[in-house]
Amino acid sequence: MPRKQRRVSAFFKILAVLTVTCGLLLAVGYYAITSLKPLEVAEPEPTESCTITANGDTRDLDVEQAANAATVNGVAFALDMPEDAVVIAYATVWQESKFFNIDYGDRDSLGLFQQRPSQEWGEPEQIMDQVFATRSFYEELKEVPGYQEMPVYEAAQAVQRSADGFAYDQHEDLSRVMAAAFNGSGGPAVSCWYESKTSPKSDVAEAKAELKRVFGTDPDDLPVTDGPRTGEIGWSMAVWAVTHARDYGLASVTFGDQRWRAVAGKEGWSTVPDGAARGTLVLK
């Protein structure tokens, strides 16, 4: 066979082998894409969380978020603000900080409400105090004529004067669920569970002192007749204590015949025969 013909024959043999090989690779690739399932990596279970239930809805919050929400609600009791004011405050905080007390923001903005020292909201350390910041927000809201009749986003914008006031509107539904849960009218509507079931130190006295600073009422003075219009102050204090149980090493929170125990984990509240006297709060 002439040399030229041998070269052509070898070329076609190589081409045929490459064609078959590519076909096999394509077939294997197609099978892998269509038949093999991707590796599923499960997200780790949270080690602590809070659950709120109100208005037929249940939501989960980070513990820090729930604790700050309880404080924003509690300050409304101290100022005798209506539930509508809490809804407006909640919508604002969701947009500004997602209920994390952050020490940064646009320009010199700080804290839950992203208030600016340069706009006379207070000194940085004051703004980072959730009680001070919340009180400042409510005091400004009081000065907005007819804020209860306004759409939530308009009332929030009247206080905040942000670049996009309509952004607050997207948080209204969740804010109403939260306000109904934290104001105490639904009883044990907030429950938290923590990675650490026990604490080496329980500081009940400090927890009560902070409750008084937040709510403007000493928890030892419960029950309160003709309390603030915000909601049921006793239950609101109880759920505040649950959201702050980790901070103060609280093992249990009892209001009436309902008790939350840290060791109960996700089970949360339960009815107990040896509960507190009617309308009183017991922390241990």
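In this predicted model, helices α2 and α3 cross in a right-handed way. Their axes come within 10 Å and make an angle of roughly 145 degrees. On the α2 side, the contact is built from Q65, A69, A70, V72, N73 and A76, while α3 brings in V86, A89, Y90 and W94. Sorted by class, that makes eight nonpolar residues and two polar ones, with no charged residues in the mix.

N73, one of the α2 residues in this contact, is worth a second look. With a relative accessible area of 1%, N73 falls under the 20% cut-off and so counts as buried. Its side chain is not left without a polar partner: a polar contact of 2.7 Å links it to the side chain of S236. Leaving aside residues up to four places away in sequence, N73 touches V86, Y90, F182, N183, T230 and S236. Of these, V86 and Y90 belong to the α3 side of the helix contact.

T71 also sits in helix α2. T71 has a relative accessible area of 5%, so it counts as buried too. Here the side-chain partner is W240, at the other end of a polar contact of 3.1 Å. Beyond residues up to four places away in sequence, T71 touches Q130, V131, V214, W240 and H244.

V131 leads on to helix α5, where it is one of the buried residues. Helix α5 covers residues 130–142, 13 residues in total, and spans 18 Å from first C-alpha to last, close to the 18 Å expected at 1.5 Å a residue. Along with V131, the buried set is made up of A133, T134, S136, F137, Y138 and L141. An α-helix has 3.6 residues a turn, so residues three or four places apart point the same way. Several helices help cover the buried residues of α5, including α2, α3, α4, α6 and α8.

The loops hold a few backbone oddities. Most residues other than glycine have a negative phi, and most peptide bonds are trans. F99, in the loop between α3 and α4, goes against that habit with a positive phi of about 70 degrees. D226 has a positive phi as well, near 55 degrees, and lies in the loop between α8 and α9. Their surroundings contrast: F99 is buried, at 0% relative accessibility, whereas D226 is exposed, at 80%. The loop between α8 and α9 also contains P223, which is joined to L222 by a cis peptide bond with omega about 0 degrees.

Terms used: Residues are numbered from 1 along each chain as its sequence is written. Side-chain values use heavy atoms; hydrogens and water are left out. Helices (H or I, at least four residues) and strands (E, at least two) are DSSP runs, numbered from the N terminus. The expected span of a helix is 1.5 Å times one less than its number of residues. Buried means under 20% relative accessible area, exposed over 50%, partly exposed in between (1.4 Å probe, protein chains only). Contact means heavy atoms within 4.5 Å. Axes are lines fitted to C-alpha atoms, for helices over the stretch in contact, and angles run from 0 to 180 degrees between N-to-C directions. A crossing is left-handed if the near helix is turned anticlockwise from the far one by less than a right angle, and right-handed if clockwise. Ala, Val, Leu, Ile, Met, Phe, Trp, Tyr, Cys and Pro count as nonpolar, Asp, Glu, Lys and Arg as charged, and the others, Gly among them, as polar. A polar contact is a pair of N or O atoms within 3.5 Å; within protein, one must be able to donate a hydrogen and the other to accept it, and residues adjacent in sequence count only if both atoms are side-chain atoms.
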